[in-house]
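User: Could you take a close look at one part of this model with me? I would like to start from a single residue and then see how its surroundings fit into the whole chain.

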Amino acid sequence: MDPLNTQHGMPESEAAAEARRLIDDWASKPVRHHPTSFRDDTEPPAFGTTPPVKQEDRRIVPAWAAGIAVASIGVGAGVTGIGCGAWLVLQGLSSVTLNSVLMVTLPFAGLAMVATAIGGAISKARAAVTKNVFEGPVTHHTEIHNNSTTRGAFFARTRNEIR
């Protein structure tokens, strides 16, 4: 069975006549044109008052999306401020000299030296007071029993028991 040469339904002459009838029917109807734009060429009045025209509120963006957009702008501005502050601090640090570092750290070094001296004095004072006196015999007794067993060949396991 050859699907290209097999007739389904009406004979070829009737099919051609029906096709011609459908084409003629379509061609006899007028083509409808729909305008895609409109231009008002009337001149606006030179003076006078015109009443306000109500304009519908048709928002494209939902309120939650607008809120997120405003929040993200605020976060971006805040991060920009932090970045500018960091830039200013780093600019100041880049012009640091050895003398300025020494002048800033000198009070801290002095405090650390005083704290170390006080701590050392307290430590020596406490060590002189402490006195440990032991009387009597001292014995030390250690006893170790080690039992070691190994099992297996390839994955060997060694078990040690110390008592």
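Analyst: Happy to! Let's begin with I23, which is partly exposed, with a relative accessible area of 45%. A residue counts as buried under 20% and as exposed over 50%, so I23 falls in between. Please keep in mind that this is a predicted model.

Where does I23 sit? This residue is found in helix α1, a helix that covers residues 12–28. Helix α1 also holds two charged pairs, and they are worth a visit.

Side chains of opposite charge can pair when their charged atoms come close. In the first pair we visit, the side chains of E18 and R21 meet in a salt bridge, with 2.6 Å from N to O. E18 and R21 are three residues apart in helix α1, so about one helical turn separates them. What about their exposure? E18 has a relative accessible area of 31%, which makes it partly exposed, and R21 is partly exposed too, with 45%.

Now for the other pair in this helix. R20 and D24 meet through their side chains in a salt bridge, here with 3.6 Å from N to O. They lie four residues apart in helix α1, about one turn of the helix. D24, like the residues above, is partly exposed, and its relative accessible area is 42%.

How many salt bridges does the count come to? The total is three. Besides the two pairs in helix α1, there is one between D41 and R39, whose closest N and O atoms are 3.2 Å apart. Both D41 and R39 are exposed.

Charges can also be viewed across the whole chain. There are 15 positive and 14 negative charges, and the mean positions of these two groups are 25 Å apart.

Let's go back to I23 and use it as a starting point for distances. V79 is 56 residues away from I23 along the chain, and the C-alpha atoms of the two are separated by 69 Å. For another example, take Q55, which has its place in the loop between α1 and α2. Q55 has 69% relative accessibility, so it counts as exposed. From Q55 to H141 there are 86 residues along the chain, and their C-alpha atoms are separated by 102 Å.

How do these distances fit with the overall layout? The chain has three helices and two strands, and along the sequence they follow the pattern α-α-α-β-β. The radius of gyration is 50 Å, well over the 15 Å that the globule rule gives for 163 residues, so the chain is more spread out than a compact globule. Along its principal axes, the C-alpha trace spans about 135 × 85 × 35 Å.

What share of the residues counts as buried? Of the 163 residues, that share is 0%. The accessible surface of the chain comes to about 16,700 Å², and 63% of it belongs to carbon and sulfur atoms.

One more stop on that surface is a nonpolar patch. It is formed by V89, L90, L93, V96 and V101, which together have about 440 Å² of accessible area. Helix α2, residues 63–94, gives the largest share of the patch, with three residues. V96 has its place in the loop between α2 and α3, the helix at 98–129. With 39% relative accessibility, V96 counts as partly exposed.

To put the picture together, our starting residue I23 is partly exposed and belongs to helix α1. That helix carries the salt bridge between E18 and R21, and also holds R20 and D24, which form a salt bridge as well. Around this helix is a chain that is more spread out than a compact globule, with 0% of its residues counted as buried.

Methods. Residues are numbered from 1 along each chain as its sequence is written. This is a predicted model: local features need pLDDT of at least 70, side-chain atom pairs count only at pLDDT 80 or more; totals for chains, interfaces and linings use all residues. Side-chain values use heavy atoms; hydrogens and water are left out. The radius of gyration is taken over C-alpha atoms; the globule rule is 2.2 Å times the number of residues to the power 0.38. Buried means under 20% relative accessible area, exposed over 50%, partly exposed in between (1.4 Å probe, protein chains only). Accessible areas come from the Shrake-Rupley method with a 1.4 Å probe; for residues, only the protein chains shown count as cover. Lys and Arg count as positive and Asp and Glu as negative; His and the chain ends are not counted. The place of a charge is taken as NZ of Lys, CZ of Arg, CG of Asp or CD of Glu. Patches are made of residues with over 30% relative accessible area and no salt bridge: like charges are joined within 9 Å, nonpolar side chains (Val, Leu, Ile, Met, Phe, Trp, Tyr) within 5 Å. A salt bridge is a side-chain nitrogen of Lys or Arg within 4 Å of a carboxyl oxygen of Asp or Glu.
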